[in-house]
Amino acid sequence: MNYNIIKFKEAEEIMETQEYSQFVKINECKRIIFHPRFLGNTRKGIEEALKSERNLVSDKFGGALIAYNNIKIQQAMGLIVDPYIHFDIVADFIVFKPEVGASLKGVVHRVFKNHVSLLVYGIFNVSIKKSESNAEQLREGNEVDFKVERIYVNNRILSMHGVLWSEEVTKKTKMTKKKSQRKTFPDEDESVPAEESLDRKDKTADRLGELDGEDVEMIAEDSLPVTHKKSEKKKKKKSKEKV
């Protein structure tokens, strides 16, 4: 981690001048723990404890502590716990709280074969994939705009993985073109259900024809024995006349 220190006034200026600073100003109560050697100088002990937490992620704040101001000690005597001194304070804190999808600016710090390392505010490391399309932008010392894709915290050290906004815009443009190409042939898509309905009608008509054929055959089969009986009676009559 890089130990660049941003003072409180400087952090406030960044918040005012940068739309996407990802800095948040809060007024909170915080428990401070410091070494007994500061027992005779409580304020110095508190300030030293806060300095040691700068640029590190605080669970209480949900981000990395950048700067602090207006410290107010909440009790006259602290609590001694084996053997450290505990004091509660209220102060103004500025915290770096990036989120996935947020916009940030970073300066290219190191260039590697497949990725580059950016520094945000000279403190937080960001890894961005290197390619032929972005190699020109990702030269050492260049400032670039990027989108936060992932956030990592390891031993209270915050780092990020990002993608250049220029590449993100290119991806969206390509996706829009693909969608528009899919919508250029609506008649073909709509014709599919029409064909299916015609097939269904034809199948229904064929089925009705089959049923009609079955009825005809049944009538024909029923009529055969009747005609056969009539022919037998005629033969009997003829045989009687002959006799």
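The following paragraphs go through a predicted model, from its barrel to a helix, its aromatic pairs and one buried asparagine.

Strands of a sheet pair through backbone hydrogen bonds, in either the parallel or the antiparallel sense. In this model five strands close into a barrel, in the order S6-S7-S8-S10-S9, and their pairing is mixed. On average, neighbouring strands of this sheet are turned by 50° against each other, direction ignored. One of the pairings joins strand S8, residues 124-129, to strand S10, residues 157-164. These two strands run in the parallel sense and are paired over four bridges. Within this pairing, Val126 stands opposite Met160 in S10.

Helix H2 covers residues 42-51, and its buried residues are Gly45, Ile46, Ala49 and Leu50. Seen down the axis of H2, these buried residues fall within an arc of 135°, so they line one face of the helix. The spacing fits a general rule: an α-helix has 3.6 residues a turn, so residues three or four places apart point the same way. What do the buried residues of H2 pack against? Their partners are strand S1 (23-34), strand S3 (63-73) and strand S5 (84-96).

Aromatic side chains come next. A pair of aromatic rings is described by the distance of the centres and the angle of the planes. The structure holds seven aromatic pairs. One of them is formed by Phe34 and Phe38, with 6.5 Å centre to centre and 70° between the planes, an edge-to-face arrangement. Phe34 is buried at a relative accessible area of 4%, and Phe38 also counts as buried, at 12%. For Phe96 and Phe124, the ring centres are 4.6 Å apart and the planes lie at 20°, so this pair is stacked. Phe96 belongs to strand S5 and Phe124 to strand S8, so the pair ties together parts that are 28 residues apart in sequence. Both Phe96 and Phe124 are buried. Together with Phe23 and Tyr121, Phe96 and Phe124 form one aromatic cluster.

The last stop is a polar residue in a loop. Asn134 lies between S8 and strand S9 (143-154). Is Asn134 buried or exposed? Its relative accessible area is 0%, and buried means under 20%, so Asn134 is buried. The Asn134 side chain reaches the backbone oxygen of Lys129 at 3.0 Å. Lys129 is within the residue range of S8. Leaving aside neighbours within four places in sequence, Asn134 is in contact with Lys129, Leu164 and Glu167. Of these, Leu164 falls within the residue range of S10.

Methods:
Residues are numbered from 1 along each chain as its sequence is written. This is a predicted model: local features need pLDDT of at least 70, side-chain atom pairs count only at pLDDT 80 or more; totals for chains, interfaces and linings use all residues. Side-chain values use heavy atoms; hydrogens and water are left out. Two strands pair if DSSP finds at least two bridges between them. Axes are lines fitted to C-alpha atoms, for helices over the stretch in contact, and angles run from 0 to 180 degrees between N-to-C directions. Buried means under 20% relative accessible area, exposed over 50%, partly exposed in between (1.4 Å probe, protein chains only). The arc is that of the directions from the helix axis to the C-beta atoms. Contact means heavy atoms within 4.5 Å. Rings of Phe, Tyr and Trp (its six-membered ring) pair if their centres lie within 6.5 Å; planes under 30 degrees apart count as stacked, over 60 as edge-to-face and the rest as tilted. A polar contact is a pair of N or O atoms within 3.5 Å; within protein, one must be able to donate a hydrogen and the other to accept it, and residues adjacent in sequence count only if both atoms are side-chain atoms.
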